[in-house]
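Student: Could we go through this structure together? I'd like to learn how the names and labels are justified.

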Amino acid sequence: MSHSALFLVLGASGGTGKHFVSQVLADGHRVRALVRTPEKLAKLVGDKNRLEVWPGSITDETIDTDKLVKGVDYVVSMLGDVNAQRTAKINTTFVKRLVPSMRQSGVRRFLYQAGGLSRPYQGQLSPLLWGIRYTLARGYAGQHEDNEAVMEYLATEGNDMEWIVHRAGIGSDGPSKGVLERSKSFSVATFVDCATYSHRLVMDDSAVPMNEALKRKHAGAHGPHKAPKLGGVGGGGGGGKMSIAQKMMAKMGYKEGVGLGKEGEGIVNPIEVKLRPQGAGVGAVKERTEQYKQEQRRAAERRGEEYEGSSGEERKARRERKKRAPGGAGTDSGTSTPGGTRRPKTKYKTAADVQAAAPGLDVPPQMLHSLVDATGLTKKLLTNFSGLMTPAAAPADSETERIAKRERLELEAFIEAWHGIQEQKIYAEEHEGQHQVELEQEREELEKLQAIAEAVESLRIGRPSGDSEDGHGSPVSGWETTLQKLEKLQSEHKHELERYSLSEAAVSAVTPVFKQRMASWEPLENPELLVDDLQRIQIVLGIAPKEEIANVTSHDLLDEAYGKSRRQKTTSSYETLVYNIWVPKLRTTITNWDVLDHGPLTAVVQAWRPLLPAFLYGHVMDQLIVPKLTAALQAWDPRKRNHHHKHSNIKHAEPHTYIFPWLPYLPPYQLDAKASSGLLVDVKRRLRQVLEGWDVAAGVLPDLLEWRDLLLSELDHLLVRHMLPRLSLYLSNTFDVDPSDQDLTPLENVFKWRTMFKPEVLARLLIAEFFPKWLATLHLWLTAEDANLEEIGQWFSWWKQQLPEELRNHPDIVVEWEKGTSMINAALDLLDQGAPLSNLPPPAAGPARPIAKELARKLEMPRHQTRQPHTEGMEFKDVVEAWCAEEDLTMLPLREAHPTTGLPLFRITASATGKGGVVAYLKGDIVWAQRKSDRSFYDPVGLDEKLVARAEGK
């Protein structure tokens, strides 16, 4: 090119890149170099005023590729990072970002340098290169796969651009070996030779393969594009449009007059059909058509052979072979027996052919003098190469022929040995090249390690509270200086943090300040101390990022990443630091923490949660906060206080006021109501204990409805099993039907619980405890001597008004009202008949008590399902396990057997640790429990409150 072009060189500080930049600058062109370490370009030769250095790396996603290629004429990529390419295709990723910017800016050409062991797109490696790649160079597999992905992308997505791929075989960084030329054979060159070749290649227009897209692109630059005309037969310029089939063939690369196939090895003209005469068999006529002969002749010419057809040419060739045969022609006996074996034709090579077959091999004159010319009628020694291929007859098995054959075999052996030496030489040069590349990589790795060592060495803090000065003279605290150094280490060596365990050095750097700050830290007063600072360097500290979880109302949506963590063998340096310094400080704070003042501590957990490993977060919640909440829950006493205090006491505080604020932070297993342990299980147990001892006269348990959204159906089971019996007993002992002086207080106290129960539950309660007394009083009044039916009717109507409307009109309650109406009508019938009212039949007995278990079964079972009788074996064991789950008990197998029956033993206990309780075994549909006094005896027990009491240790 005559004008000064602008080259964008990627990898300009590498082995080939530095030589390429020097040559481009020496030619008077300009260079824009993207390098990670600009200092490496200080030793370049050339006018550095035309060198524009852009510090950066191709792995940096913030690089603006549009600005990078703006005004650029040629883009040359000589990238390669073996360590980074082992885990990611960094070159492919950057090329995919770079090509659209090149296309938009109109960059003329793109040259990509790949390794000689990288497989070309849709091509194969030779066996030698394949063996080297997967043996000596197997450590560069990631680099070759990255190069192959780039070539595939350019071949499939970059058809509209001019691009060249140079698969270079580089052996060392030594001096030039000569001029590197394009070849399909493998060769090993130096860095400077590859740079010179790439410089010449990128500016050579003929090096770019012109596909159809590029042809149309270049044709459009010189004038309007016209559709090509389809020529006639023989290449004439006939007109007309192409048919659909012709268009499809042309689209696939077919050219008229050329054979089918990628290399044109197929047929040119369609297959002709030759019809045999009617009645003629196979072989009666010559069936080879002219089209077939032309195709066979063309195929033979492609192979460098002479085609012999089945016509006169074949007969002529047979006659010539008979003339050359020993004994001449006409020796045929006319029989079918062959006339004898024919000796194979001997082929000779000249010394020029020998030297051409083994380039670089010098045949000594002594060997040429020892070659005997056995092709003529007389024997002579060779003194030159003339006439070596002149055919002539020689006597068979002569001494001269044996000498010539021996000398030829020796020469062929020398040639084969020479080929082996050449292959060994190529192998040695390739091995040397790989060592040079590895040495360069090790040098870069050493420089990187040196930079990391210097960065780690600079991580020193004098006095944490002291001040120092930066380069501009402004005061910067020692802690802030350390943070800035760690941020720099985190950004510049992001990919080497785990490889070189840089997190340990970072933790060591922050440990002194962390200890000092934690010693004087008041978590409840300043919950976010050091949080922002640690989040700035969380990557270099080895903290895995976690997504913040939002405040939720349903435990189904809680973050499961903080569930029970998987066990790991060792902890990291950061985890050890937090466990040894931060956790003890928080443990001391939680020990003296007032559960009712949840705000400061929840702020601490929320602030530090992204910085805590999963197992440490679970430890804080399970071992520190949940036990504190459980202790407050056990101290809860909802009974009314006789004296009112100014400050709320933990004993009388409602549990939901200090438990609900922790729901967004608790692990999911703590909020599983059906688990064997957890905070919600403790809540259920405490509610059960409170309900069993609750005084119905005190009204409804305060804020019991607050737990419904969390406990769901579990709350209904608790109320039916533990509160409903209390209501039934309360009505049975305190309520009487007295028409003269009716006291409705017990009934009103029961009706206060109607919001906690379904109407059918309270209806069954009234049928069991209220209506038997009411019907008995009605019968007693009707059979009295002074009974006034009008007063009885008013009393009947008055009672209907005392029940709430949802109970008054309930179908089961209506049946009981009808029983009273039937009793009154029966009394009127007796009066009409003149019979005494003493003949009035008494009311039927009410339902059996207690009703709680029956109602509980109805709540659990569908209405269409009937109770199945217990069966033996595993089915009864499932029934017992279900009963234990309902009673908040645990049934654990002991891996022991009863000494007499051999049946397995179980432990039924209320303890979450699995200790205590009662030992039992199942036989048939009976539970046999161990005696306390004599453990060798077992007594049958029922699934009732007695077994629950024994399991609870009462």
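Student: What makes strand E2 (residues 30–35) mostly covered?

Tutor: Good place to start, and keep in mind that this is a predicted model. A residue is called buried when its relative accessible area is under 20%. In E2, 5 of its 6 residues are buried, so by that cut-off the strand counts as mostly covered.

Student: How do you know that E1 and E2 pair?

Tutor: Two strands pair if there are at least two bridges between them. E1 and E2 have 5 bridges, in the parallel sense, so they qualify as a pair. Within that pairing, Leu8 stands opposite Arg32 in E2.

Student: And which strand does E2 join over 5 bridges?

Tutor: That is E3, and the two run parallel. Here Arg32 stands opposite Glu52 in E3.

Student: What about E1 and strand E4 (residues 74–77): in which sense do they pair?

Tutor: They pair in the parallel sense, over 4 bridges. One example is Leu10, whose bridge partner in E4 is Ser77.

Student: In what order do the strands of the open sheet come?

Tutor: The order is E3-E2-E1-E4-E5-E6, making 6 strands with parallel pairing.

Student: Why are strand E3 (51–55) and strand E6 (162–168) called edge strands?

Tutor: Each of them pairs on one side only. From one strand to the next, the twist averages 15°.

Student: What makes the unit of E1, helix H1 (residues 15–26) and E2 right-handed?

Tutor: Imagine the strands pointing away from you: the crossover is right-handed if the path from the first strand over the helix to the second runs clockwise. E1, H1 and E2 form a right-handed β-α-β unit, so the path from E1 over H1 to E2 runs clockwise in that view.

Student: Let's try a single residue. Why is Gln441 called buried?

Tutor: Its relative accessible area is 15%, and the cut-off for buried is under 20%, so Gln441 is buried. Gln441 lies in helix H14 (residues 399–457). Leaving aside residues up to four places away in sequence, Gln441 touches Gly80 and Val82.

Student: How do you know that the span of helix H25 (residues 713–734) agrees with what it should be?

Tutor: At 1.5 Å a residue, its 22 residues should span 32 Å, and the end C-alpha atoms are 30 Å apart, which agrees.

Student: Where does H25 bend?

Tutor: At Met723, by about 40°. A proline, Pro725, follows within four residues.

Key
Residues numbered from 1 in each chain as written. Predicted model: local features only at pLDDT ≥ 70, side-chain atom pairs only at ≥ 80, totals over all residues. Heavy atoms only, no water. Expected span 1.5 Å × (residues − 1). Bend = angle between axes of the 7 residues up to and from the residue. Axes fitted to C-alpha atoms, helices over the stretch in contact; angles between N-to-C directions. Buried < 20%, exposed > 50% of the residue type's maximum accessible area, 1.4 Å probe, protein only. Contact = heavy atoms within 4.5 Å.
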